[in-house]
Amino acid sequence: MEPMVGIKDVARQAGVSVGTVSNVINRPDLVSEETRTRVQSVISRLGYIRSESARQLRAGASRIVALLVLDMGNPFFVDVASGAERAARAAGLGVMVCNSAQSTSEEVEYLSLFAEQRVRGVLVTPADSTGHSLKTLRSQGIPFVLVDRVSADAAVCSVSVDDVVGGRLAAQHLIAAGHRSIVYVGGPPDLPQVRDRRAGALAALAEAGLPAESLTEVSAERLDVAAGRDAGARLLGLSPRPTAVFCANDLLALGVLQAVFAARVAVPEQMAIVGYDDIEFAAAAAVPLTSVRQPAVAMGRLAAEMLLEETADAEGHEHRQVVLQPELVVRGSSLGAR
């Protein structure tokens, strides 16, 4: 492996000082056109790339914002990342996206890495519901914003969606279609979103005068399509067979839809299905999926903007807990009336 080309190599080849090379890179207006052209030619010929990490250490401020999500396989988080990236780029910053895979241990490792790299700030959807893993950021004085979580700490910013309202919208829609019992396909019970969406569904049943027993829960270890297929196979074995299913996210709903299709159960005539998130694939499913839409891009953008506000003025920054509202998008998977 050839040694890395440094700024001293450029200066020597161009016959100028290291300071002149630095000015060409950072403040070209201070250098004559002739010298600037000569130095840039040497930079191009040698393939010199400046050390951004060294520059950041000297300046005391990183140009990187970290985003840690639960599952980059879920298009919802891709949309969140897109919104955050747009806001960061508008401020001249980059975003480093990492995936905890819903693992608390991996989350801790990534947060330690972010602290080591002295990132400007962190956007995080915690896998650890206790919040203990965030102690690393607190101890290092690194600002962070919770994404898709409501912060119970008034000294922490957060951007979330009212999942209780979202769960209520889904169940109200199914009840209005004539269903009097609903299966809720949930995910890991320690995730607040899973609990809140279930609570919203129970609230809708109570408002309709239906008992809590009208909601049957089929659990899933993960929030992905494979877990949805497994849950779908299990709910098909219930007696009586359910006529309405509400899933904690769209990936689960798409898995349930696959299992139901394989069993030749007609959707929505024999079984109505509602998902959550309204990812791009929801509308493109074999039977277009009714879903509770979350403003994922807006969530990522707002979270990044709040983080940048704090990093620009930590003392004057006012922490906010922003709660966005979901909306129901009705499609063919739930349109059959009872």
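A cavity here is a set of grid points where a 1.4 Å probe fits but cannot get out, and its lining residues have an atom within 4 Å of a point. Keep that handy; the model you're working with is predicted.

**Exercise 1. Find the largest cavity and work out what lines it.**

Start with the search. Scanning the whole structure turns up one cavity of 30 Å³ or more. The volume of the largest cavity comes to about 150 Å³.

Next, the walls. The lining is made of 15 residues, and those nearest the centre are Asn-74, Phe-77, Asp-148, Leu-223 and Asn-249. Two elements give two or more residues to this lining: α5 (75-90) and α9 (192-207). The top contributor is α9, with three residues.

Last, sort the lining by class. You get six nonpolar, five polar and four charged residues.

**Exercise 2. Classify the ring pair of Phe-76 and Phe-77, and decide whether each residue is buried or exposed.**

First, the census: there are four aromatic pairs in the whole structure. For Phe-76 and Phe-77, the ring centres are 5.0 Å apart and the planes meet at 70°, so call this pair edge-to-face. The cut-off you need is that planes over 60 degrees apart count as edge-to-face.

Now accessibility. Anything under 20% relative accessible area is buried. Phe-76 has 3%, so it's buried. Phe-77 has 6%, so that one is buried too. Recall that Phe-77 is also among the residues nearest the centre of the largest cavity.

**Exercise 3. Do the same for Tyr-110 and Phe-114, and say where in the helix they sit.**

Geometry again: the centres are 6.2 Å apart with 25° between the planes, and the pair is stacked. The rule at work is that planes under 30 degrees apart count as stacked.

Then look at the helix. Both residues belong to α6 (residues 104-116), and because they are four residues apart there, about one helical turn separates them.

Finally, accessibility. Tyr-110 has a relative accessible area of 25%, so it's partly exposed. Phe-114 is at 0%, so it's buried.

**Exercise 4. Which residues do ring pairs link into a cluster, and what lies over the face of Tyr-276?**

Take the cluster first: ring pairs connect Tyr-184, Phe-246 and Tyr-276. Then check the face of Tyr-276, where you'll find Arg-197 at 3.8 Å from the ring centre. To count as sitting over a ring, CZ of Arg must be within 6 Å of the ring centre and within 35 degrees of the ring normal.

Technical notes. Residues are numbered from 1 along each chain as its sequence is written. This is a predicted model: local features need pLDDT of at least 70, side-chain atom pairs count only at pLDDT 80 or more; totals for chains, interfaces and linings use all residues. Side-chain values use heavy atoms; hydrogens and water are left out. Rings of Phe, Tyr and Trp (its six-membered ring) pair if their centres lie within 6.5 Å; planes under 30 degrees apart count as stacked, over 60 as edge-to-face and the rest as tilted. Buried means under 20% relative accessible area, exposed over 50%, partly exposed in between (1.4 Å probe, protein chains only). On a 1 Å grid over the protein atoms alone, a cavity is a set of points where a 1.4 Å probe fits but cannot get out, and a pocket is an open set with protein on both sides within 12 Å along at least five of seven lines; lining residues have an atom within 4 Å of a point. Grid points are joined across faces, edges and corners, and a volume is the space filled by probe spheres set on the points. Ala, Val, Leu, Ile, Met, Phe, Trp, Tyr, Cys and Pro count as nonpolar, Asp, Glu, Lys and Arg as charged, and the others, Gly among them, as polar.
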